[in-house]
There are 2 protein chains.
Amino acid sequence: MGEVNTNNNDEQQPKEYNISPVIGEWFSEISPMWPGEAHSLKVEKLLFEGKSEYQKVMVFESLTYGKVLVLDGAIQQTERDGCAYREMITHLPLCSIQTPKTVLVVGGGTGGVLREVARHPSVNRVDICEIDGMVIDVAKRFFSEVAVWYEDPRVVLRVCDGSAFVKAVPHGTYDAIIVDSSDPIGPAKPLFEEAFLESIAKALRPGGVVCMQAESMWLHMHMIQDVFTKCKQIFKGGCVNYAWTTVPTYPSGVIGFILCSTYGPVPVDFKHPINPLADQSDGDDDRDNQPLQFYNTQIHSAAFCLPTFAKNLSI
Amino acid sequence: MGEVNTNNNDEQQPKEYNISPVIGEWFSEISPMWPGEAHSLKVEKLLFEGKSEYQKVMVFESLTYGKVLVLDGAIQQTERDGCAYREMITHLPLCSIQTPKTVLVVGGGTGGVLREVARHPSVNRVDICEIDGMVIDVAKRFFSEVAVWYEDPRVVLRVCDGSAFVKAVPHGTYDAIIVDSSDPIGPAKPLFEEAFLESIAKALRPGGVVCMQAESMWLHMHMIQDVFTKCKQIFKGGCVNYAWTTVPTYPSGVIGFILCSTYGPVPVDFKHPINPLADQSDGDDDRDNQPLQFYNTQIHSAAFCLPTFAKNLSI
């Protein structure tokens, strides 16, 4: 793993990677996925740069958002606003069904989703398939408060291709699947395709739920509409919804989720959660002691209210 | 008024202002109000630069957000996402009371709020106090589709200090007041202070409502909490709420509003609007023909659902 301990001094950075989008004191997020705009964070210290088999990995300490994880030039997580993403992508599905027991996380190498799944006392098994071992190593090292739940005995970690894993899973294995992917132009591309969505539907029990990272309604409505339409065909008899939340360091400041349920004995109503999270701030386990920062039952339901321009995604 | 017709060529820009934050092909929004981060838009063509008595004014054509208005280096409005701000700051208060008739707009020189107030057929008078005539001129010239309602016979425009105007208004004059201000570090500073809030309360009829631009819960929670606490003292017997919406080109991607009502015969419940907007897309007046792009009744109520970290602003 490549590493630098330089404080933004270009001369000292490892030449072999030549990947740093840090220019002077600023990191700028520029991508063909959001042409014409860039969000920049002031860099206090570059902590890590490396190139895995799949992508470029970078961590820096920012002036005002704490530590920041970047994959292929796109911000994945910051210490300051990561709560909004990881709490919503996890509790939107898990609070919508009674007593979730078996959960699959596809992607999610940062450990943020694991950290939130662990708040649900009914869960007795969490499988996680992260394709990139470097992401896990970096998360454990630089984001240890979030990535602490890899050590939980309920967690089974596989460093593997999540789409191949899901395809091979026996039908009806999981109560819930969370697809915590990066954007669909890198290693996460297969996770937005029809074959993967069909595998997901088969891997869920009747009345099971999936929540997938599904980009920004301000930037990628055509892509969202395309995946949404596929889901409506695949999850026949269940329900398909779109929800969104605010994450300042993601492009356009928002990120969305597609939530689907399979047909089952108990219809799922994502908009009216039936499994509220208890206040765990007095828990005995030290790892439980950090209270929720973003999610609550009111914001769960509100997340499904869409602007008029996105109303095709409402039911 | 200074003006340029250059396409991003520094040499051709008027030297006397020396204000352009356009570097190369990009405009970057950098401010002590949001240290450590910047949002940048790619510039197609710089359309206007000027310095009024109050602030620096700039308009450019961006690659992906249409035309952009910038005051003192801060983005005020873009053609692509301006709908979210102007529809929410207007309809959150006006849809919360029956048959609003008299409305005051403080600030709002872009004409965006006027454009939305005009959708309410019960309104028979709109006073608007914009301190900076250059903003009005620039809005009419470069954002004519939004600023068209200055010509409405119900509108009385005053180029004046809104805080002085409100102080002199007879008690109980308005059903609703909308404070469409820029950030509190330029000419809008008095609009966040106690004396102005007290004038607003007196200028409203019993059961009247005010909606004020109130910054981002991600960036300015201390300032929001301070103004919120003042409002709770001043609007005794009425109600005080905080709501928020997504606007990609504002810092952190969100902007919030403080809504207050004065004590009156009909208690106001902002979270459950009683005055829905009819679908006006078939209206006879050409100016009415653009349907709402963002606001609807569901997103009205959802806007009051706050993340856990902001729960002190919930009632």
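A polar contact is a pair of N or O atoms within 3.5 Å, where within protein one atom must be able to donate a hydrogen and the other to accept it, and where residues adjacent in sequence count only if both atoms are side-chain atoms. The model is a predicted one, in which local features need pLDDT of at least 70 and side-chain atom pairs count only at pLDDT 80 or more, while totals for chains, interfaces and linings use all residues. Residues are numbered from 1 along each chain as its sequence is written, chains are lettered from A in the order in which they are written, and side-chain values use heavy atoms, with hydrogens and water left out.

**Exercise 1.** Describe the surroundings of Asp180(A), where UniProt places the feature "active site" in an unreviewed entry.

*Solution.* Begin with the record, whose positions follow the numbering used here, whose feature names are shortened, and whose annotations may be inferred rather than shown by experiment. Next, find Asp180(A) in strand β10 (residues 174–180) of chain A; strands (E, at least two residues) and helices (H or I, at least four) are DSSP runs, numbered from the N terminus. Then take its relative accessible area, 11%, so Asp180(A) is buried (buried means under 20%, exposed over 50%, partly exposed in between, with a 1.4 Å probe and protein chains only). Finally, leaving aside neighbours within four places in sequence, list the residues in contact with Asp180(A), among them Tyr85(A), Ile89(A) and Val106(A), where contact means heavy atoms within 4.5 Å. With the side chain of Tyr85(A), the side chain of Asp180(A) makes a polar contact at 2.5 Å.

**Exercise 2.** State whether Ser199(A) is buried or exposed, and name its contacts.

*Solution.* Locate Ser199(A) in helix α5 (residues 194–203) of chain A. Its relative accessible area is 13%, and Ser199(A) is therefore buried. Apart from neighbours within four places in sequence, Ser199(A) is in contact with Val166(A) and Lys167(A).

**Exercise 3.** Work out how chain A and chain B meet, beginning with the area that they bury between them.

*Solution.* The two chains bury about 3,000 Å² between them, 61% of it on carbon and sulfur atoms; buried area is the accessible area (1.4 Å probe) that two parts lose on being put together, summed over both. Across the interface of chain A and chain B, 24 residue pairs are in polar contact, both residues being at pLDDT 80 or more. On the side of chain A that touches chain B, β3(A) gives the most, with 6 residues.
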